[in-house]
Amino acid sequence: MFQSSFLTGEPSVWSVAELTRYLRSLIESDYRLQSLWVRGEVSNVSRPSSGHLYFTLKDAGATLRCVMWRGQVAQQLNLPQDGQSFEVHGHLSLYEAGGQYQLYADRFRRAGEGELYQAFLDLKDRLAAEGLFEAERKRELPDHPRRIGIVSSPTGAALQDALDVLRRRYPLGHVVLAPSPVQGEAAVEGLIEALAGLQERQIDVILLIRGGGSMEDLAAFNHEGLARAVAASKVPIVAGVGHETDFTIVDFVADRRAPTPSAAAEIAAPDRQALADLLLSLQRRLAGSFQTELEAGRWQLAGLAGRLRAASPRAQLANRRQQVDAFEGRLHSSLKAGLRLSRSRLDGLQATLRAVGPPAVLARGYAVVRDSAGLVVRSVGQVNPGDPLELRLADGTVGADVTGVEADSR
Amino acid sequence: MAKTKPVEDLTYEQAFAELGTIVEALELGDLSLEQSLERFERGQALALHCSQLLEQAELKLSQLTPADGGGYDEIPFEEEG
């Protein structure tokens, strides 16, 4: 309460606390000061050990002290730095102990970004309404892209990152670079032309990539003309623009979005190791198919009497069968261990395949016996003495006549 | 028949696809011994070819430059550093 003196005309005397509290309540009762944006040049940024952020905003005529508590500071992506033009949102109040009015900030952004962001939202809504972001529009990427187009700056890190990934994972590919500036005035036109240049060159997939940057830096990728060019591309496009948290219009229109340029390359190209594993599984099936044929007894293996007396064919087969099983078991567990397929392992595999394949069987003295009609002879009952036979050996055929027939006694 | 093309002339995708066809045919088991022999050996050659391609391949790079009469040429890409 202050002393008022209508009668004497003397000014009333406030205590400092009373006056300060009055001013504070004046500020806090003005609704316009409870949620506002202020723009100015940042200076005196300070972040003491408390974690709170102190800075001032100034322009030609005045200075405004600002503070942001550490809990909210942690949520901000970009902190203001001296000299930058910033827009700060918060509420105004008065710090009584210091006799200071302050802006208590809850968020901020680079000046100018506000308009850019609004334009981004507007375009996004408009293109979404046209259906350009629909999931049905998005095409599948080819499994084995022989020719991979890249639209990016020829001197940027994004290109190098993507090439590193492709060299490591998919050296079978052929990269065609369509260079273009990725920021600045010439970027939009350059990017559109680069995309156009790749359309009729038998390209299987296009990577549209650039590294991280501010919203102004990425502006070209929010441009309507480029978005429409991406939508109209006959070749599927993987967009890898900026950092993981950057989303541009092009990201929404592209057939796939990658969080970074390297990820774009990984999405587009198959992994060499996965291809090697597929190849290995086919080779196992190749060997396995013969194993099945032998067990089914489809092909008749008739031994020349003299050579076969020492070893029973059944025992030989069982031996081979066991070896292949053991080999397959080792293959299986080494696949599980995820070892790389090296040339020496491949040679070992092939040596074993050769050992159990039909050419090797024939080379050990087995023959395929046919009668005069060309039918394979499986039983002594099919022939009579005097019948002509054809024996198929490993390196040719032999003509023979049946001299005698004797059935095994079991 | 496409099958008579020399293995070395096939691309990775072609060789891999043919190997898959051969394996399926062999697993069906309808072939005679001689046919199976021939397919098996071709399959081995295809597998070896694929494996060599995988191990020895080097990423090829080229770049688009505007051509004189309009359109583009593809030239080898020179990397810096």
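A:Asn44 is partly exposed, because 13 other C-beta atoms lie within 10 Å, a count that falls between the limit of 12 or fewer for exposed residues and that of 20 or more for buried ones. In this predicted model, A:Asn44 belongs to strand 1 of chain A, which covers residues 36-46, and although A:Asn44 is not a glycine, its phi has a positive value, near 50°. A positive phi near 50° in a residue other than glycine also occurs at A:Gln202, which sits in a loop of chain A, between helix 5 (187-197) and strand 8. A:Gln202 counts as exposed, because it has 11 C-beta neighbours inside 10 Å and the class takes in residues with 12 or fewer.

Strand 8 of chain A, which follows that loop, leads into a sheet that draws on both chains. The sheet is open and has 7 strands, with mixed pairing, in the order 10(A)-9(A)-8(A)-6(A)-7(A)-1(B)-2(B). Its edges are formed by strand 10 (256-257) of chain A and strand 2 of chain B, each of which has a single partner strand, so that one side of each is left without a neighbour in the sheet.

Within the part contributed by chain A, strand 6 (residues 147-152) and strand 8 (residues 205-210) run parallel and are joined by 4 bridges, with A:Ile150 standing opposite A:Leu207 of strand 8. Helix 4 of chain A, residues 157-169, packs on the sheet, where it touches strand 6, strand 7 and strand 8 of chain A, and its direction makes about 160° with that of strand 6.

The sheet passes from one chain to the other where strand 7 of chain A (residues 174-179) pairs with strand 1 of chain B, in the parallel sense and over 4 bridges. At this junction, A:His174 has B:Lys60, in strand 1 of chain B, as its bridge partner.

The contact between the chains involves 34 residues of chain B and 36 residues of chain A. On the side of chain B that touches chain A, the elements giving two or more residues are helix 1 (12-28), helix 2 (33-56), strand 1 (60-66) and strand 2 (72-76) of chain B. Helix 2 of chain B supplies the largest share of that side, with 13 residues, and by class the side is made up of 19 nonpolar, 8 polar and 7 charged residues.

Terms used
Residues are numbered from 1 along each chain as its sequence is written. Chains are lettered from A and ligands numbered from 1 in the order in which they are written. This is a predicted model: local features need pLDDT of at least 70, side-chain atom pairs count only at pLDDT 80 or more; totals for chains, interfaces and linings use all residues. Two residues are in contact if their C-beta atoms, placed from the backbone, lie within 7 Å. Ala, Val, Leu, Ile, Met, Phe, Trp, Tyr, Cys and Pro count as nonpolar, Asp, Glu, Lys and Arg as charged, and the others, Gly among them, as polar. Two strands pair if DSSP finds at least two bridges between them. Axes are lines fitted to C-alpha atoms, for helices over the stretch in contact, and angles run from 0 to 180 degrees between N-to-C directions.
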